[in-house]
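These entries record what I looked up on helix packing and the nonpolar core. The model I consulted is predicted.

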Amino acid sequence: MPSVAAILIVVAATFVKVFPFSGHLLAAGAALAITHMHGQNRIASWFGRLPFRTVALGSAACAAGLLVTDAAVLRWLPAAGLPAVDLSRFHGLRGDAQTTAMWIAGIWLLVGPTEELISRGFLIDQWSVALKSLERAPLFAVVASALTFGAVHFYEGTTGVITNVIAGLWLGGLYLQQRRTLWAVIIAYGIVDTVAMLAFFYGWL
């Protein structure tokens, strides 16, 4: 299957809403199936072992960079006239410890692993193949994956798309730095979203 067609199939699957997070599960399943069908050993490589120090430092540095840039962009873009990201769906978490804990568990057990498998592992690898004729195909693949990641968050508005593109660049760079393994990007994603959920709980956002 051509790489661009594979990308379109997996991205389209993320929009299938049958039950909560059904798009995440369907798209992750499609990504795994397509990768297996191609006969690549990428699935095992995605979950290959790296030194603990490498994973820990990489995920911590990426999460810190993401938190700083998110805070800046979420402040600067609305100040420049762009609409603020609508975060009202999370405002119900304020003071609700049980629901916040459930969201955090879901982030670590489902959302983070599936989104990183799809958006970093699968999309960067497939874009790398699609753009292989370019001299720096992996770097262009990270950019293309980040743009794709931002585009599928169109429902968050212009500012939301921009913040997700930036997140995609941070996480995509980490994916390459971690030899195309997923542990560090999953951890970085989990840290950032956990901080966000705690911010909603305490009413900071």
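Entry 1. I began with helix α1 (residues 3-13) and helix α5 (residues 97-130), whose axes come within 8 Å and cross at roughly 155°. An angle over 145 degrees counts as roughly antiparallel, so I recorded α1 as roughly antiparallel to α5. I noted the crossing of α1 past α5 as left-handed. On the α1 side, I listed S3, V4, A6, I7, V10 and V11 as making the contact. Their counterparts on α5 are I118, F122, L123, Q126, W127, V129 and A130. By class, I entered eleven nonpolar residues, two polar and no charged for this contact.

Entry 2. I then turned to the largest nonpolar core, which has 46 residues. Within this core, V10, F122, W127, L171, L182 and M197 touch the most other members. I found that α1, α2 (22-37), α4 (52-79), α5, α6 (137-151), α7 (157-177) and α8 (183-202) each supply at least two of its residues. The largest share, nine residues, comes from α5.

Entry 3. I looked up the surroundings of M197, leaving aside residues up to four places away in sequence. M197 touches F90, L93, T100, W103, I104 and I107.

Entry 4. I closed with α7 and α8, whose axes come within 8 Å and cross at roughly 150°. I therefore entered α7 and α8 as roughly antiparallel to each other. Their crossing is right-handed. L171, L174 and Y175 of α7 meet A184, V185, A188 and Y189 of α8 in this contact. I counted seven nonpolar residues here, with no polar and no charged ones.

Key: Residues numbered from 1 in each chain as written. Predicted model: local features only at pLDDT ≥ 70, side-chain atom pairs only at ≥ 80, totals over all residues. Heavy atoms only, no water. Axes fitted to C-alpha atoms, helices over the stretch in contact; angles between N-to-C directions. Helix = DSSP H or I, 4+ residues; strand = E, 2+ residues; numbered from the N terminus. Parallel < 35°, antiparallel > 145°, perpendicular 65-115°, else oblique. Left-handed = near helix turned anticlockwise from the far one by under 90°. Contact = heavy atoms within 4.5 Å. Nonpolar A, V, L, I, M, F, W, Y, C, P; charged D, E, K, R; others polar. Core = buried A, V, L, I, M, F, W, Y, C linked by side-chain atoms within 4.5 Å. Buried < 20%, exposed > 50% of the residue type's maximum accessible area, 1.4 Å probe, protein only.
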